[in-house]
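This briefing covers helix packing, burial and backbone details in one protein chain. Please look at the structure below before reading the notes.

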Amino acid sequence: YLAAFVVCLSLSVPLAGLARHLPSAGGLYTYISAGIGPKSGFMTGWLYAIMAAIVPAALAAFTGDILEKELTLKLGLHVAWWAYALVILAICVVCAYRGLEISMRVMIFMCIFEMLVGLGLAVTGLIHPGPGGLNFAGFNPVHVSGSSGFFIAVVLSIFAFTGFESAATIGEESRDPQRIIPKAIIGSLVLIGGFYVFCAWGLQIGWGTDNLKALADSEAAPAFVLADRLWNGASFIVLIALVNSGLSVCIACTTSATRTLYGMAKTGALPAVLAQVHLVRRTPHAAVILQTVIALVAVIGGGYALGPNDLFNVLGTAGTFVYIPIFIMMNIAAYRFFKQHHPSEFSVLAHVVLPIFSTVALLTIAYFSLNPLPAYPIVLAPLIAIGYLVVGLVILFGRNLKPANAGWMKKAGQIPQLAQHT
């Protein structure tokens with residue numbers, strides 16, 4: 001988590017600069033189009049939109065699996081994981097359809113609750129440490145036992161952090177987006193970074209650093225085991241927090257994916273139907289429908305083929321492999337955009353040093369997580385990421401570069417009129 005936090009923090013600085021100048025529902029699609037060009041922007045926007053559209057399926061399946069196991073064990077309530085997953089996706093659809101304000105209110109309430117539970121468990125673990133006592137051994141890199149496993153863990157940790165960039169996609173629906181969105185990007189990352197690192201440390205200490213193999217091998221989620229021991233069997237509170245977390249992230253990803261699809265469609269890079277806005281709610285309801293269909297197919301088909309837990313691990317890892325080229329393109333776009341369009345704001349630290357550091361870090365993480373290749377089913381993750389890329393290329397060359405459809409390239413990097421007025 002600490003390694004992933006450092007990488008993501010170095011990415012947030014150039015991203016926040018782009019968000020300040022280019023508030024748009026297209027988010028990264030608009031940024032890369034303005035900084036590099038519309039073709040690169042389309043591929044970036046496509047990869048981001050399709051990845052974010054599928055993430056709710058992975059999280060809904062994972063959360064449903066936890067609910068099935070825990071409620072069956074504790075209450076004898078036998079309900080299949082996929083039923084819980086479908087309920088979670090249904091709530092996401094309602095929030096995305098009703099609009100940004102209700103989505104934000106729901107997520108803020110859930111976030112406060114789950115963070116209080118997480119912090120409470122971590123603090124309790126630090127006050128009542130397990131075998132090994134209170135120490136900082138977990139922060140010492142000499143304890144990394146295998147580089148491939150460590151880098152796969154960093155990949156999944158980056159996936160846990162991702163979402164800080166999605167604030168960019170609500171620029172057109174925000175008040176004073178040039179000021180608010182950059183603060184949201186960096187502020188949310190700093191908050192969640194400190195939260196993740198502290199809670200992971202507290203969980204490790206509470207479990208006992210002399211017995212970490214048992215933590216890794218535990219069939220039950222370690223947080224549940226720790227809550228039962230430290231809170232006198234109150235793991236149900238942690239279960240509620242976990243469901244809250246899964247649901248709120250699903251809502252956030254649904255919002256991000258639908259707004260990116262909408263922003264791309266507004267320029268003509270995707271079919272115009274996805275740019276339709278509900279007459280009353282003023283939400284991109286056509287994009288919401290498409291995202292829902294994608295999530296349903298992924299959760300049912302992928303869950304049946306791999307099982308809910310492996311589906312989460314595979315799609316989460318694939319998502320990070322998609323994020324790596326997206327963030328590298330963002331780094332290049334930030335350098336070119338500020339160098340060419342805002343030279344007075346160009347910063348060697350923000351637009352050269354940090355982008356080079358994060359790019360090298362991302363490429364290193366990708367290389368060592370794939371060398372040697374991970375075991376099945378995680379080995380499917382890079383293949384899925386390549387599949388996303390191939391579909392995007394087919395759309396780009398099969399539709400968007402035809403003369404009759406090429407008008408989108410002139411609009412791809414433009415700031416929407418709504419955002420300019422705001």
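Pro-372 sits in the loop between α13 and α14 (380–400), and the peptide bond that leads into it from Asn-371 is cis, with omega near 5 degrees. Helices here are DSSP runs of H or I with at least four residues, and strands are runs of E with at least two, numbered from the N terminus. This is a predicted model, in which local features need pLDDT of at least 70 and side-chain atom pairs count only at pLDDT 80 or more, while totals for chains, interfaces and linings use all residues. Residues are numbered from 1 along each chain as its sequence is written, and side-chain values use heavy atoms, with hydrogens and water left out.

**Loops and backbone**

- A cis peptide bond also joins Tyr-376 and Pro-377, with omega about 10 degrees.
- Pro-377, like Pro-372, belongs to the loop between α13 and α14.
- Asn-232 is not a glycine, yet its phi is positive, at about 55 degrees.
- Asn-232 is placed in the loop between α9 (222–230) and α10 (235–267).
- Asn-232 counts as exposed because its relative accessibility is 74%; exposed means over 50% relative accessible area, buried under 20% and partly exposed in between, with a 1.4 Å probe and protein chains only.
- Gly-37, just after α2, has a positive phi of about 160 degrees.
- Gly-76 follows α3 and has a positive phi near 70 degrees.

**Helix α2 and its packing on α3**

- Two packed helices are described by the angle between their axes and the distance between the axes.
- For helix α2 (residues 28–35) and helix α3 (residues 38–75), the angle is about 160 degrees and the axes are 7 Å apart.
- α2 is therefore roughly antiparallel to α3; angles over 145 degrees are classed this way, those under 35 as roughly parallel, 65 to 115 as roughly perpendicular and the rest as oblique.
- Axes are lines fitted to C-alpha atoms, for helices over the stretch in contact, and angles run from 0 to 180 degrees between N-to-C directions.
- The crossing of α2 and α3 is right-handed, meaning that the near helix is turned clockwise from the far one by less than a right angle, whereas anticlockwise would be left-handed.
- On the α2 side the contact is made by Leu-28, Tyr-29, Ile-32 and Ser-33, and on the α3 side by Pro-38, Ser-40, Gly-41, Phe-42, Thr-44, Gly-45 and Tyr-48; contact means heavy atoms within 4.5 Å.
- The residues of this contact comprise six nonpolar, five polar and no charged; Ala, Val, Leu, Ile, Met, Phe, Trp, Tyr, Cys and Pro count as nonpolar, Asp, Glu, Lys and Arg as charged, and the others, Gly among them, as polar.
- α2 is mostly covered, with seven of its eight residues buried.
- Those buried residues are Leu-28, Tyr-29, Thr-30, Tyr-31, Ile-32, Ser-33 and Gly-35.
- Their cover includes α1, α3, α10, α12 (308–341) and α15 (408–411).

**Helix α3 and its packing on α4**

- α3 has 38 residues and spans 54 Å from its first C-alpha to its last, close to the 56 Å expected at 1.5 Å a residue; the expected span is 1.5 Å times one less than the number of residues.
- Of the 38 residues in α3, 28 are buried, and the helix is mostly covered.
- α3 packs with helix α4 (residues 81–98) at an angle of about 130 degrees, the axes being 7 Å apart.
- α3 and α4 are therefore oblique to each other, and their crossing is right-handed.
- Pro-56, Ala-57, Ala-60, Ala-61, Thr-63, Gly-64, Asp-65, Leu-67, Glu-68 and Leu-71 in α3 touch Trp-81, Tyr-84, Ala-85, Ile-88 and Leu-89 in α4.
- By class, the contact of α3 with α4 has 11 nonpolar, two polar and two charged residues.

**Single residues in helices**

- Ser-12, in helix α1 (residues 2–21), is buried, with a relative accessible area of 0%.
- Beyond its neighbours within four places in sequence, Ser-12 is in contact with Phe-164, Ile-185, Ile-186 and Leu-189.
- Val-94, in helix α4, counts as partly exposed at 46% relative accessibility.
- The C-alpha atoms of Val-94 and Val-288 are 9.5 Å apart, with their positions 194 residues apart along the chain.
- Thr-359, in helix α13 (residues 348–370), counts as buried at 18% relative accessibility.
- Outside its neighbours within four places in sequence, Thr-359 is in contact with Ile-328 and Asn-331.
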